[in-house]
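Biologist: Please place the model on display, and let us then discuss its domains, its chain interface and its nonpolar core.

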Amino acid sequence: MVAAKNDMKRKTHLHLLPTVGPITIWIFFFVFAPVAVIVAISFFATGSGGEILPRLSLENYRLLLFGGSEYPRAVIRSILYALVTNLICLGIGYPMAFWISKYGGKFKALLLFLVIVPSWSCYIVRIYALKQLVGYPGILNDFLLNLGLISSPINILYTPAAVVLGLIYIWLPFMVLPIYASLEGINPSLLEASLDLGATPQWQFLTITLPLTKGGIFGGAILTFIPALGDWLVPLLIGGNRVWMAGNLIEHYLVVRGKIAMASSMAVILTATVVLLIYVFIKLGGEESMERIV
Amino acid sequence: MLKLVENRKTWVFIGGLIFALAVSFMGSGLVGSAQAKTYKQYVASLPDGCQPVPRECFEQAVAGKTFAMYDWAAWWPEELYKGFEKEFGIKIVRDNYPNLDEALAKFRLNPKTPYDFWLTNPKSVWYMKNWKLLETVNHDWIPNVNRYLAGDVKEASWDKGYNYTVLTTLGYDAYVINKNFINKDDSRIPSWKFLFEGWDVYKDRLVMRNEMNRVIGNTLKYLGYSLNSTNPKELKEAEDVLVRLKPHIMAFNSWPKRAVMAGEVWIVEGVVHDYLSLGKLAGPENPFVPCYPPKGCLLSPMLVVMPKGGNNPAACHLFLNYLYRPDNFATLINGVAYGHGHTGVNGLIKEKVVKWMTPPEAGYREKCEVLLPPAFTGQGEKLRAAIWEKLKK
């Protein structure tokens, strides 16, 4: 009986092999293995010329966390930028998803397509598109100047606000989609029942729609928070490299200063921070937030 | 699907496609071999005043078949590369870097990176020499370089005796203004004072390079110190200047081409020649005015080195000798409009390029400095990194 059960189990696993095997191998070699290499390097000492010394040490972590380094501040700054981005994406994305779901009608597919289509283009192309839009000379400034609403161009680019604007512009679709999926998953009879029982539309939204889309909100929050936290191109190209996020500091240590082990320690700290924050998001959003991401 | 596979026409089409791809692939591997010169033809074809590489170098280079170059994208004129391939039948395999620090990081991670030629700066040369990753230059294999490279350059501080490097171009890292927006007759121009204090005029439309050693170095120059200073007091003064300037810096960007061309940036700190060469794209009148501060500035030599991981160092010697032929070097300077240390090329530079280059007055180079190890190693590097990190808060 036991042998038959084991045989069954083996059969089930063998059946999975062709489907999950390739992706498992891919993830192992291109996600876990590089991360393992980075973690390992982070524990090696750094020589005066930046070279990796064959000596294990916690010195990099000590210097970063307790040695008066700029890095903890850069991580906190990145978290703040990512949180602000998240909240604004939610503020824009929820009504957008709600409107498409409720009033989109036969145009739902088209509207969703319009939300997704910018993310089909290359990341850098989108950044440069935004620069053309809000820079000077730029479409927005020219428009406002021609209307006479402003007398001199507004400096939008190369400011902290521009960094947040860039992050929102890039990651907004990833907030809209999970929320939309959640909204579409709500059983309409629940909404009808609430109206039958005398709920106003506002009360219905607060007590039924919003709690039922919690998973989508947290799923969207995870999808926008992680890339926004680690982003370094938006501060570089839209922020004018005037204010660094954690990713920029890592790049500075790795490329300019050549301190590979130190940069690896920074990457490990940032990854650990992200993992911790995702755990918090999942705890708050429940299992559905993970489902919405998938 | 089955029908499609069974269809003879489809098979013929697929076969033809594979054949065409194979032919074009093989063709790409045989660059110029049909027209490549023999050693005799090569020697006979050289213009007056030029000498050939020794036969040994020539044969080794040609036998190597490929030449791996690591340099800037879209900078040197393409005809230099094409001419070399055509003349010697050696295929050039180019790889480009976005900046020299990233290129150095590549060697740091893989010391055996197989490039035969790397166009780089004195900082990288110092590191590569220390790591023993550079081949020495065989002077017997580069007669044109020996003949035309200026004597003072041969003994320059970055590599006395040019044992590891050969200079190609010299850039002045100062600043450029757009005269459409800034009055070029402002009394503070061309001193550093205008860049560091003239925000009332340039209205915060200043872009500084995104390179800590260069920016801090030029700030030290403005204060009258050496740009290689390691004195904490002098560096603190430089930090204060930069912190005061930061609200007026629009962005840190090492090559803000689009913004400069669009008139978004009015004043930019960087290698002046890069912006002067943009002038030819800006219309009939070049709006960019080079400013060479009387106190001097950072000198940026671009040097050719041969990393140890390279497979065909003979090809690098052959290329250097080819590059230093006055006609070829003139092609380079006519394309990039940079300063240089070639003594036989001046008569070959086009008049409009000479005008457009606007070089500094004679003797200016002596006031300038090259970044030396005290600035980018040890205490000097640590202090500079701390300033830079504070600046990016």
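**Domains, interface and core**

Modeller: In this predicted model, 29 Å separate the C-alpha centres of domain 1 of chain B and domain 2 of chain B, with domain bounds taken from an automatic or database assignment. Residues are numbered from 1 along each chain as written, chains are lettered from A and ligands numbered from 1 in written order. Local features need pLDDT (the predictor's confidence in each residue, from 0 to 100) of at least 70, side-chain atom pairs count only at pLDDT 80 or more, and totals for chains, interfaces and linings use all residues.

Biologist: Which helix gives the largest share of the side of domain 1 of chain B that touches domain 2 of chain B?

Modeller: The contact (C-beta atoms, placed from the backbone, within 7 Å) takes 11 residues from domain 1 of chain B and 10 residues from domain 2 of chain B. Helices are DSSP runs of H or I with at least four residues, strands are runs of E with at least two, and both are numbered from the N terminus. On the domain 1 side, the largest share is three residues, and they come from helix H7 (residues 122–130) of chain B.

Biologist: Which element gives the most to the side of chain B that touches chain A?

Modeller: Chain B contributes 22 residues to the contact and chain A contributes 19 residues. Helix H6 (100–109), H7, strand E6 (249–252) and helix H20 (378–391) of chain B each supply at least two residues of the chain B side. With five residues, the element that gives the most is H6(B).

Biologist: Which residues of H6(B) does H13(A) meet?

Modeller: Helix H13 (residues 246–256) of chain A packs against H6(B) with axes 8 Å apart and at an angle of about 65°; axes are lines fitted to C-alpha atoms over the stretch in contact, and angles run from 0 to 180 degrees between N-to-C directions. From H13(A), Leu254(A), Val255(A) and Val256(A) meet Asp101(B), Glu102(B) and Ala105(B).

Biologist: Which helix gives the most to the largest nonpolar core?

Modeller: A nonpolar core joins buried Ala, Val, Leu, Ile, Met, Phe, Trp, Tyr and Cys residues through C-beta atoms within 7 Å, where buried requires 20 or more other C-beta atoms within 10 Å of a residue's own. The largest has 171 residues, and Met266(A), Phe117(B), Leu318(B) and Phe319(B) have the most contacts inside it. With 10 residues, the helix that gives the most to this core is H14 (residues 260–285) of chain A.

Definitions and conventions
Two residues are in contact if their C-beta atoms, placed from the backbone, lie within 7 Å. A residue is buried if 20 or more other C-beta atoms lie within 10 Å of its own, exposed if 12 or fewer, and partly exposed in between; C-beta atoms are placed from the backbone.
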